[in-house]
Amino acid sequence: MASEDHLVALVTGAARGIGRACSVRLAEANMSLVLMDIGKDAPEVPYPLGSESQLEHTRRLCVEMGANAETATGDVRNIGDIDEAMRLALQRFGRLDVVVNCAGIVSPSGSSVEEVTSDDWSTMLDINLTGPFQVLSAAARIMKQQGSGSIINIASTAGLVGYRHFAGYVASKHGLVGLTKAAALDLAPHGIRVNAVCPGSVHDAPELEGRMLREVANALDLNGDHEQMFLRDQPSNALVAAEDIAETVAWLASSRSRSVVGSIVTVDGGFTSR
Ligand SMILES: NC(=O)c1ccc[n+]([C@@H]2O[C@H](COP(=O)([O-])OP(=O)(O)OC[C@H]3O[C@@H](n4cnc5c(N)ncnc54)[C@H](O)[C@@H]3O)[C@@H](O)[C@H]2O)c1
């Protein structure tokens, strides 16, 4: 690993939400950043995705923390876009130490499994599983030459337990947990650690502009205060804060977690312990 003061990180899904919180936290830890996001809507995803101006806003927040930060607009389904982001990291900062695979979608969802169309299934698996696989493997080829690196996949409690009417999302996140374990075994001998974080229900903080919990509620046609409804299932009596995920990511990115390899770290206020 490079000196802890000069790590270079790539964060996908950085325009808003958990990706923005992770980017700012890594900036605070003195890392240089490449911030990647699709930066526009996708017709096959039934809600607005992060915009280029939101991605630029994340960049400004990182710069305010004193970090070097570049944006890379791109789709994790597109290998050319991923290569471009990797190239930017190498050209601008000379190396790649940390990858946070955070880009993801929660919908199209809301149907019982026998009603899920193959198009909707493919959209979910392409973005939430094939995308992170492509980012991970491109990063691993660079990190192998360096002999070090930390890759952190943002999975979900849906990678550990099932949820009714979310078959595609649950399958994609279980897949990401499996990918984490298998990749960890392949890459550990090369000094590269791969781990996953499984967030529970994360509060959509206005300053982060995230909207995933609202989209879960929309997929389920929940009316009323959806955060209050999700709160009822939380042993801790509190939704998870995006900053709590970011703190875990910062730890996994650093050598403070050097013996943590192939671990699935749950940050869910006790939800999956019930
Ligand atoms: N919010 C929660 O409660 C929660 C819980 C568990 C897991 N997660 C996971 O955390 C991650 C981030 O969630 P969030 O709450 O910040 O959601 P969000 O929708 O607010 O942000 C997701 C970001 O990913 C980007 N993105 C989507 N598809 C992309 C693609 N194909 N290529 C590049 N970028 C793309 C979006 O533009 C957006 O900026 C997701 O992987 C999600 O599954 C979230």
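Biologist: N30 lies in the loop between α1 and β2. Why is N30 called partly exposed?

Modeller: This is a predicted model, and the values are computed from it. N30 has a relative accessibility of 45%. Buried would need a value under 20%, and exposed a value over 50%. The 45% of N30 falls in between, so N30 counts as partly exposed.

Biologist: What makes the phi of N30 stand out?

Modeller: Its phi is positive, near 70°, and N30 is a residue other than glycine. Most residues other than glycine have a negative phi. N30 comes right after helix α1.

Biologist: Why is D221 called exposed?

Modeller: D221 sits in the loop between α6 and α7. Its relative accessibility is 65%. Exposed means over 50%, so D221 belongs in that class. D221 also has a positive phi, near 55°, although it is not a glycine.

Biologist: Let's go into a helix. R20 lies in α1. How do you know whether R20 is buried or exposed?

Modeller: We set its relative accessible area, 1%, against the cut-off. Buried means under 20%, therefore R20 is buried. Leaving out residues up to four places away in sequence, R20 touches G13, A14, A15, Q54, H57, T58, L61, E207, L208 and E209.

Biologist: What makes α1 as a whole largely enclosed by the rest of the structure?

Modeller: Ten of its twelve residues are buried, which is why we say so. Among them are G17, I18, C22 and L26. The buried residues of α1 pack against β1, β2, α2, β4 and α8. As for length, α1 reaches 17 Å from its first C-alpha to its last, close to the 16 Å expected at 1.5 Å a residue.

Biologist: How do you know that the span of helix α3 agrees with what it should be?

Modeller: α3 has 15 residues, 79-93. The expected span is 1.5 Å times one less than the number of residues. That should give 21 Å, and the end C-alpha atoms are 21 Å apart, so the two agree.

Biologist: Which are the buried residues of α3?

Modeller: They are I82, A85, M86, A89 and F93. These residues cover an arc of only 95° around the axis, which puts them on the same side of α3. What covers them includes β1, β2, β3 and α4.

Biologist: What caps the N-terminal end of α3?

Modeller: N78 does, with a side-chain oxygen 2.8 Å from the backbone nitrogen of G80. After α3 comes G94, with a positive phi near 85°.

Biologist: D81 is in α3 too. Why is D81 called partly exposed?

Modeller: Its relative accessibility is 24%. Partly exposed lies between 20% and 50%, so 24% fits that class. D81 is in contact with M36, G74 and D75, leaving aside neighbours within four places in sequence. D81 and M36 are 45 residues apart in sequence, and their C-alpha atoms are 9.3 Å apart in space.

Biologist: Why is R211 called buried?

Modeller: R211 has 17% relative accessibility. That is under 20%, so R211 counts as buried. R211 is placed in the loop between β6 and α6.

Biologist: What makes the pair R211 and E215 a polar contact?

Modeller: Their side chains come to 2.6 Å. The cut-off for such a pair of N or O atoms is 3.5 Å, so the distance passes. Beyond four places in sequence, R211 is in contact with R16, Y47, P48 and D204.

Biologist: Which residues are the closest to the ligand?

Modeller: The ligand is surrounded by 30 residues, and the closest are I18, D37, G50, D75 and Y169. A polar side-chain atom of D37 lies 2.7 Å from a ligand oxygen. For Y169, a side-chain N or O atom is 2.7 Å from an oxygen atom of the ligand. A polar backbone atom of I38 is 3.2 Å from a ligand nitrogen.

Biologist: How much of the ligand does the protein bury?

Modeller: Taken alone, the ligand exposes 830 Å², and the protein buries 98% of that. The elements giving two or more residues to the shell around the ligand are α1, α5 and α6.

Biologist: One last puzzle: what kind of peptide bond joins S107 and P108?

Modeller: The bond is cis, with omega about 20°. Most peptide bonds are trans. P108 is found in the loop between β4 and α4.

Conventions: Residues are numbered from 1 along each chain as its sequence is written. This is a predicted model: local features need pLDDT of at least 70, side-chain atom pairs count only at pLDDT 80 or more; totals for chains, interfaces and linings use all residues. Side-chain values use heavy atoms; hydrogens and water are left out. Helices (H or I, at least four residues) and strands (E, at least two) are DSSP runs, numbered from the N terminus. Buried means under 20% relative accessible area, exposed over 50%, partly exposed in between (1.4 Å probe, protein chains only). The arc is that of the directions from the helix axis to the C-beta atoms. Contact means heavy atoms within 4.5 Å. A polar contact is a pair of N or O atoms within 3.5 Å; within protein, one must be able to donate a hydrogen and the other to accept it, and residues adjacent in sequence count only if both atoms are side-chain atoms. A residue is near a molecule or strand if one of its heavy atoms lies within 4 Å of it. Accessible areas come from the Shrake-Rupley method with a 1.4 Å probe; for residues, only the protein chains shown count as cover.
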